[in-house]
Amino acid sequence: MANPSLLILAGDGIGPEVMAEVKKIIGWMGAKRGVSFDVTEDLVGGCAYDKHGVPLHDDTMAKAQEVDAVLLGAVGGPKYDSLDFSVKPERGLLRLRKEMDLFSNLRPAQCFDALADFSSLKKEVVAGLDIVIVRELTSGVYFGEPRGIFVEGNERVGINTQRYTESEIARVARSAFELARKRGNKVCSMEKANVMESGILWRDVVQEIHDKEYPDVQLSHMYADAGAMQLTRWPKQFDVIVTDNLFGDLLSDLAAMLTGSLGMLPSASLGAPMANGRPKALYEPVHGSAPDIAGTGKANPIACILSFAMALRYSFDMGEDAARVEAAVEKVLADGLRTADLMGPDGGTPISTTQMGDAIVAALDASL
Ligand SMILES: NC(=O)c1ccc[n+]([C@@H]2O[C@H](COP(=O)([O-])OP(=O)(O)OC[C@H]3O[C@@H](n4cnc5c(N)ncnc54)[C@H](O)[C@@H]3O)[C@@H](O)[C@H]2O)c1
Ligand SMILES: CC(C)[C@H](C(=O)O)[C@@H](O)C(=O)O
Ligand SMILES: [Mg+2]
């Protein structure tokens, strides 16, 4: 049988730095677990713009459609701030999500014991936290029409449209219910049904799918602003949160800070099954290109490494190896190894991106 295939799009800023550490784990899988991946690399974001004048070349898009899974680092940076909106680095990522139809974005927020003291919230609030935000990723205000900046009378008006069809809501709701059945069997759906028609429809459809297909799962509804408050007040009340594209973007950054750092949060963006039964899939850390620390060796590679662990679990059915990678991360943190983003105010000596990757590989070796 052919090796599983991966397209690596490391992107900009710290993207290539954290992805270099993932490549070590991919190498380790081949050398020590006998699982070799066929890896292709290409450009996305600002680096693709520099070479091709677009943030995602059509050939790269075609490759992404063919492989078993895409691994992405991060895109963007101040160098590209003044570019026309249509060719900004972020458009490359949005095109991948849209054209691969990756409607279900799983963003787990898990607090590792060793980091419970480090969160900006009290230890008892975050210790043992294990929740997943399921963010709708291909629709809503990110893609709705009409959109643009128009002139009305003597002033400009900026327009974006929040738009959801029933089927778009239904499919992401199903993915949240399916996930909940494998976990704590609880889903909380978040919208703003008090002010938005799209929120009313969202609530209705989630409830209908629940009643018809998943009555065994416990379902609750919350306004997204109250949800943000509850996430900081008592996040352990949640198991799976399902929400739209924009609220999911905001709530997942918030959830990241419960775990200690944006540098810890992985994600999986999943679509419909392909002919080989694997879902269309892209895996990326939740964080961005972190221009403030790019090139300094300070980036935490754990979010990107845990995203690869998600690829092992969701694309390749290698749950045991995924758990092995997660355990290796837990081990290095328990040993007190920290990148700069995980240092408390009382200091200590941080290790570099490369040292963190090497330590995780050493922990993987020790696990054999
Ligand atoms: N998926 C993506 O590619 C993605 C996601 C978010 C933002 N962005 C882009 O990244 C650029 C910068 O955006 P931003 O500054 O708002 O968000 P960011 O996530 O890049 O950085 C926010 C803060 O978190 C820190 N941080 C992020 N990841 C880290 C890591 N792995 N290790 C240590 N510290 C880390 C950064 O140093 C910064 O202080 C923008 O162009 C934005 O559009 C891209
Ligand atoms: C870079 C940007 C397009 C992206 C988003 O808004 O979805 C990012 O913030 C994310 O969370 O993945
Ligand atoms: Mg975001």
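Two strands count as paired here if DSSP finds at least two bridges between them. Keep that in mind as we walk through this predicted model, starting from strand 10.

Strand 10 spans residues 240-243, and strand 5, covering residues 130-136, runs parallel to it. Four bridges join strand 5 to strand 10, so this couple meets the requirement of at least two. If you would like a landmark for lining them up, look for Ile-133, which stands opposite Ile-241 in strand 10.

Strand 10 has another parallel partner in strand 8, residues 186-191, and here too the link consists of four bridges. On this side a handy marker is Met-190, standing opposite Thr-243 of strand 10.

Now turn to the side chains. In a regular strand they alternate between the two faces of the sheet. In strand 10, Val-240 and Val-242 are on one side, while Ile-241 and Thr-243 are on the other. All four residues are buried, so both faces of the strand are covered.

From here, let us move on to helix 9, which takes in residues 245-258. An unreviewed UniProt entry lists Asp-225, Asp-249 and Asp-253 under "binding site". These three are spread over 29 residues of sequence yet cluster in space, their largest C-alpha distance being 14.1 Å. Both Asp-249 and Asp-253 have their place in helix 9.

How buried or exposed is Asp-249? A residue needs 20 or more other C-beta atoms within 10 Å to be called buried; Asp-249 has 19 such neighbours and therefore counts as partly exposed. Asp-253 is likewise partly exposed, because 15 other C-beta atoms lie within 10 Å.

Technical notes:
Residues numbered from 1 in each chain as written. Chains lettered and ligands numbered in written order. Predicted model: local features only at pLDDT ≥ 70, side-chain atom pairs only at ≥ 80, totals over all residues. Buried ≥ 20, exposed ≤ 12 C-beta atoms within 10 Å, placed from the backbone. Helix = DSSP H or I, 4+ residues; strand = E, 2+ residues; numbered from the N terminus. UniProt positions renumbered as here; feature names shortened; annotations may be inferred.
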